Amino acid sequence: MIGAPGVRPAPRAAPGRPVKVAHVVLSLNVGGLERVVLRLLDRMARDRFAPVVCALQEPGALAEELARLDVPLVVIPRRPGLDPGLPVRLSAWLRREGIRLVHTHNPGPHLYGAIAASLARAAALAGGGGGPRVVHTKHGRNYPKQKRKVLVNRLAAALTDRVVAVSDDARAVAIEVERVDPAKVVTILNGVDTDVFRPGDAGAARARLGVPATGYHVGCVARLSPEKDHATLLDAFARLRAVRPDAHLTVIGDGPRRPALEAQAARLGLGGAVTFTGTRGDVAELLPAFDVFALASLTEGISLTLIEAAAAGLPIVATRVGGNPEIVLEGETGLLVSPGAPETLAAALEAVAARGDGAEMGLRGRARVMERFGIDRMARAYEDLYDEVLGGSFRSGRQQTSTS
């Protein structure tokens, strides 16, 4: 098997005994990656797979969800900087718990988890048995211009059975930049529950937010971090207000950029025209408040919030980066603009308002989500991948068909 020459494939689990799967993350703080992990845990067939979450930093704000899902959590702390002892500690835990599959998320957990699984396989081979296999989900583009990080990803991928890309763009980065064997890479699109994220009562949602009941309402849900480029969104919104004085912007999310963004809004004279809500746990109920969803990201793997907004029936204005064009069809479900260009973003937001067919755009976007980004489709694709990796059917040179 690639990543473990000479190691026998792990045998299939005995009937009635679910396979233990360890999801290795940094933490379960608020973010798209973390929500994908929780949704996968929620929909995974428990008669076949028994999940556990291993955090390398801290439990995180979303960790309380694991109790509802009846999923155990263990924290194996990573020491500051490079921690050469972590793979050893993690490997010992894998062997002790009888973990059969390691599913890593984020570059750091990928490196440590893949090395730990290799150590566990070596120990198992010495004892005449098998060992844990490795699946990694590449949730983003992972710094393709930073050579050192690219090399780390390449090393981790060499010890991995499958690399899952969440978009065609992420797949291209894995193959063309990180030089991962194309036969190892499979695309599984992120999924959302379209029964939860769906069109709703705009008036009730605006009342819930405490924002004006009328006017053109622009919404954004994203962590307040530099790569989401809310600064450009605020600049664009200030330009929009010059021609649409009834416009209101709601920013849902929190993060290190919040004080600077609130100060920027004040400098731009936006006053009560912008609402910063902080982190909210009721996003599905709030999305119907918006007339348009805006995302100004500088980079994306594939944005979960865009998929959620489309599922809620919203037209979208987003930057043409990463996997965003795989969600937003130009002119059909929304508009795409260049990153870092507030004038263009403002013009696109104004254009959606002027078109008069925003509701139709939103419904086309929802139909696309239901066709391609359903949560059950995502969960079944991962289950099939787990079965294949555990069954040892992968061989170097075999072409892997993308799942979409």
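Colleague: What radius of gyration does the protein chain have, against what a compact globule of 404 residues would have?
Modeller: This is a predicted model, so everything here is computed from its atoms. A compact globule with 404 residues would have a radius of gyration near 22 Å, and the chain agrees with that. Its C-alpha trace spans about 70 × 40 × 40 Å along the principal axes. The radius of gyration of the chain is 22 Å.

Colleague: And how many helices and strands are in there?
Modeller: Of the 404 residues, 56% count as buried. As for secondary structure, the chain holds 15 helices and 13 strands.

Colleague: Let's go to Asp161. Is its side chain buried or exposed?
Modeller: Asp161 sits in the loop between α5 (147-158) and β6 (162-165). Buried means under 20% relative accessible area, and Asp161 has 1%. So Asp161 counts as buried.

Colleague: Which side chain makes a polar contact with the side chain of Asp161?
Modeller: There are two things to look at around this loop residue. The Asp161 side chain reaches a backbone atom, the nitrogen of Val134, at 2.8 Å. It also makes a polar contact with another side chain, at 3.2 Å, and that partner belongs to Arg133.

Colleague: Where does Val135 lie?
Modeller: Val135 has 0% relative accessibility, so it counts as buried. Its C-alpha atom is separated by 16 Å from that of Val152, 17 residues apart along the chain. Val135 lies in strand β5 (residues 133-138).

Colleague: I'm curious about backbone oddities. What is the phi of Asn106?
Modeller: Most residues other than glycine have a negative phi. Asn106 is found in the loop between β4 (101-105) and α4 (107-126), and with 22% relative accessibility it counts as partly exposed. It is not a glycine, yet its phi is positive, at about 90 degrees.

Colleague: Where is Asp229, which has a positive phi too?
Modeller: Phi of Asp229 is near 50 degrees, again in a residue other than glycine. At 11% relative accessibility this residue is under the 20% cut-off, so it counts as buried. Asp229 is found in the loop between β8 (217-221) and α8 (230-243).

Colleague: How many disulfides does the structure hold?
Modeller: Take two of the cysteines. Cys54 is buried, with a relative accessible area of 0%, and Cys220 counts as buried at 2%. A disulfide needs a pair of cysteine sulfur atoms within 2.5 Å, and the count for this structure is zero.

Colleague: Now the second largest pocket. Which residues are the closest to its centre?
Modeller: About 240 Å³ of space lies in this pocket. Its lining is made of 16 residues, and the ones closest to the centre are Phe290, Asp291, Leu314, Pro315 and Ala359.

Colleague: Which elements give two or more residues to that lining?
Modeller: Ala359 is one of the residues closest to the centre of the second largest pocket. Residue 359 falls within the range of one of the contributing helices, 358-372. The elements that give two or more residues are α13 (342-355) and α14 (358-372).

Colleague: How many residues of that lining are nonpolar?
Modeller: The lining of the second largest pocket divides into three classes. Two residues are charged and three are polar. The nonpolar ones number 11.

Technical notes:
Residues numbered from 1 in each chain as written. Predicted model: local features only at pLDDT ≥ 70, side-chain atom pairs only at ≥ 80, totals over all residues. Heavy atoms only, no water. 1 Å grid on protein atoms, 1.4 Å probe; cavity = no way out; pocket = protein on both sides within 12 Å on 5 of 7 lines; lining within 4 Å. Points joined across faces, edges and corners; volume = space filled by probe spheres on them. Helix = DSSP H or I, 4+ residues; strand = E, 2+ residues; numbered from the N terminus. Nonpolar A, V, L, I, M, F, W, Y, C, P; charged D, E, K, R; others polar. Buried < 20%, exposed > 50% of the residue type's maximum accessible area, 1.4 Å probe, protein only. Polar contact = N/O pair within 3.5 Å; in protein donor to acceptor, adjacent residues only side chain to side chain. Rg over C-alpha atoms; globule rule 2.2 N^0.38 Å.
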